[in-house]
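Notebook open, model loaded. I want to go through the sheets and see what packs on them.

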Amino acid sequence: MRQDILDEIRAFEPELKEIRQDIHRHPETRFEEHRTAALVAGKLRDWGIEVTEGVGGTGVVGTLKGSRPGQRAIGLRADMDALFIQEETGLAHASTVPGKMHACGHDGHTAMLLGAARYLAAKPDFAGTVQFIFQPAEEAGTGAAAMIRDQLFERFPVDSVYGMHNSPGLPVGSFATRPGPVLAGADFWGVEFHGTGGHGGGAPHLATDATVALGQFLLAIHTILPRNLHPTASAALSVGHVAGGSYGSPNVMPAKVVVRGTARYFEKGDQAIIRRRLQELAETLAAANGCTATLTYDELCPPTVNAAEKVPAALAAARALVGADKVGEVQLSTGGEDFAFMLREKPGVFMRIGNGVNPDGSFHNVHTPQYDFNDEILGLGAAYWVSLVQEELGWPADGQAEESKA
């Protein structure tokens with residue numbers, strides 16, 4: 001077991017808590033993470049780590065070479081951005097920015113990786129190089145791709161790359177992952193229905209009604225998954241936005257109505273079917289009502305797929321900290337994660353760390369106004385990163401290898 005790592009990180013855990021809550025108070029959304037990036041870069045430099053800023057916009061990469069010879073390198077990635085949500089926690093460290101909050105725990109992800117960076121900078125007893133990757137704009141699904149376009153892996157070479165996310169509902173002290181797909185591909189889609197519009201009271205018979213086409217479409221799309229995909233396929237299709245007409249003029253039939261939603265999938269073929277059927281239903285139902293329809297479809301990120309050959313190292317790193325009984329297999333989820341772009345470039349693993357459960361079994365999930373990252377797991381998350389570095393880049397030189405493997 002590597003309890004010594006966790007014990008040493010616990011000594012400076014209050015600083016990690018201070019960093020996390022400071023970031024939480026000052027949330028920054030997609031590609032606006034200037035203050036957060038400056039904080040990260042400053043801490044890394046204070047600890048003697050080489051820093052490169054402005055990678056993929058507001059991304060930061062810290063490079064640390066081990067004290068022992070070795071050519072291998074790994075990347076450890078944390079996301080930095082917040083969400084467009086009004087916080088309702090009432091906490092002392094609540095967001096000070098109206099309409100924005102860290103509702104997904106990226107503040108904690110950043111603090112945990114900083115904790116690992118501090119520990120490894122003071123004890124670089126490994127063979128090779130660690131790239132600490134602090135990524136912007138995960139919530140937009142574009143930050144990882146932006147860093148890759150900015151030649152992330154050419155400028156900061158790695159043999160493998162790892163990510164981690166907190167999981168409300170998973171007990172503190174628990175980790176979970178699985179080989180192969182872990183999260184779905186995530187897309188946004190939208191349809192505009194166009195009719196003539198008209199007077200809804202005096203002359204509805206003279207208009208073509210886009211709202212009728214929309215209504216039929218809203219029902220019809222829920223036949224796409226059960227009647228077009230294989231019964232065992234995992235996918236999701238949901239509506240998140242409907243708009244049309246003027247609230248102040250309910251007697252006016254709108255000439256245009258809009259619906260937007262999301263599609264989730266694990267297989268490229270299923271994505272193609274969903275996209276095709278959305279277009280076919282929109283155009284057919286629009287035509288049946290004398291209207292027209294235009295589909296827009298934006299591919300955000302592919303499925304997140306763990307490399308099977310890298311999962312043993314990730315599991316071993318977690319087991320060495322908390323024991324095998326607290327490391328399990330995560331359930332397949334239709335949530336999306338743009339770390340998938342990095343896993344398409346380099347083999348690696350996306351790990352889950354438990355964010356905790358209330359005594360009554362309840363918890364506030366991510367992307368809700370009441371959510372808050374659990375500071376109790378800051379040290380444990382940082383220790384996981386350190387343990388993973390030891391798994392991938394060599395064992396300690398003090399003869400603890402066999403004990404750690406046990």
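Before I start on pairs of residues: two strands count as paired if DSSP finds at least two bridges between them. With that settled, I note that this is a predicted model.

**Entry 1: the four-stranded sheet**

I began with β10 and β12, and found G244 standing opposite V257 in β12. Nine bridges join β10 to β12 (residues 256-265), and the two run antiparallel. I then followed the pairing outwards and got an open sheet of four strands, ordered β10-β12-β8-β13, with antiparallel pairing. I checked the edges next: β10 (235-244) and β13 (292-301) each have a single partner strand, so one side of each is left without a neighbour in the sheet. From one strand to the next the twist averages 15 degrees.

Which helices lie across these strands? I found α7 (residues 210-220) across β8 (185-194), β10 and β12, running at about 150 degrees to β8. I also found α9 (residues 268-288), which lies across β8, β10, β12 and β13 and runs at about 160 degrees to β13.

**Entry 2: the eight-stranded sheet**

I traced this one as an open sheet of eight strands in the order β1-β2-β4-β3-β5-β16-β6-β15, and the pairing is mixed. Its edge strands are β1 and β15 (327-329), each pairing on one side only. Direction ignored, neighbouring strands here are turned by 25 degrees against each other on average.

I looked up a parallel pair in it: β3 (residues 68-79) and β5 (residues 160-168) are joined by four bridges. In that pair G75 stands opposite V161 in β5. On the helix side, I have α3 packing on the sheet, where it touches β1, β2 and β4 (127-135), and its direction makes about 165 degrees with that of β1. Then there is α10 (residues 311-322), lying across β5, β6 (175-177), β15 and β16 (348-356) and running at about 30 degrees to β16.

**Entry 3: the β1-β2 hairpin**

I went back to the β1 edge for a closer look. Five bridges join β1 (residues 50-55) to β2 (residues 59-65), and these strands run antiparallel. E50 stands opposite T63 in β2. What does G56 do in the hairpin? There are three residues between the strands, and G56 takes a positive phi near 65 degrees.

**Entry 4: α3 against α4**

Since α3 had already come up, I checked its helix partner. I read off that α3 (residues 34-46) and α4 (residues 106-122) pack at an angle of about 15 degrees, their axes 10 Å apart. That makes α3 roughly parallel to α4, as angles under 35 degrees count that way. I noted the crossing as right-handed. In the contact, L39, V40, K43 and L44 of α3 meet T110, L114 and A117 of α4. I sorted these residues into five nonpolar, one polar and one charged.

**Entry 5: the whole chain**

Last, the overall picture. I have 13 helices and 16 strands in the protein. The radius of gyration is 24 Å, close to the 22 Å that the globule rule gives for 406 residues, so the protein is as compact as a globular protein of that length. Along the principal axes, I get a box of roughly 85 × 45 × 45 Å filled by the C-alpha atoms.

Technical notes: Residues numbered from 1 in each chain as written. Predicted model: local features only at pLDDT ≥ 70, side-chain atom pairs only at ≥ 80, totals over all residues. Heavy atoms only, no water. Axes fitted to C-alpha atoms, helices over the stretch in contact; angles between N-to-C directions. Parallel < 35°, antiparallel > 145°, perpendicular 65-115°, else oblique. Left-handed = near helix turned anticlockwise from the far one by under 90°. Contact = heavy atoms within 4.5 Å. Nonpolar A, V, L, I, M, F, W, Y, C, P; charged D, E, K, R; others polar. Rg over C-alpha atoms; globule rule 2.2 N^0.38 Å.
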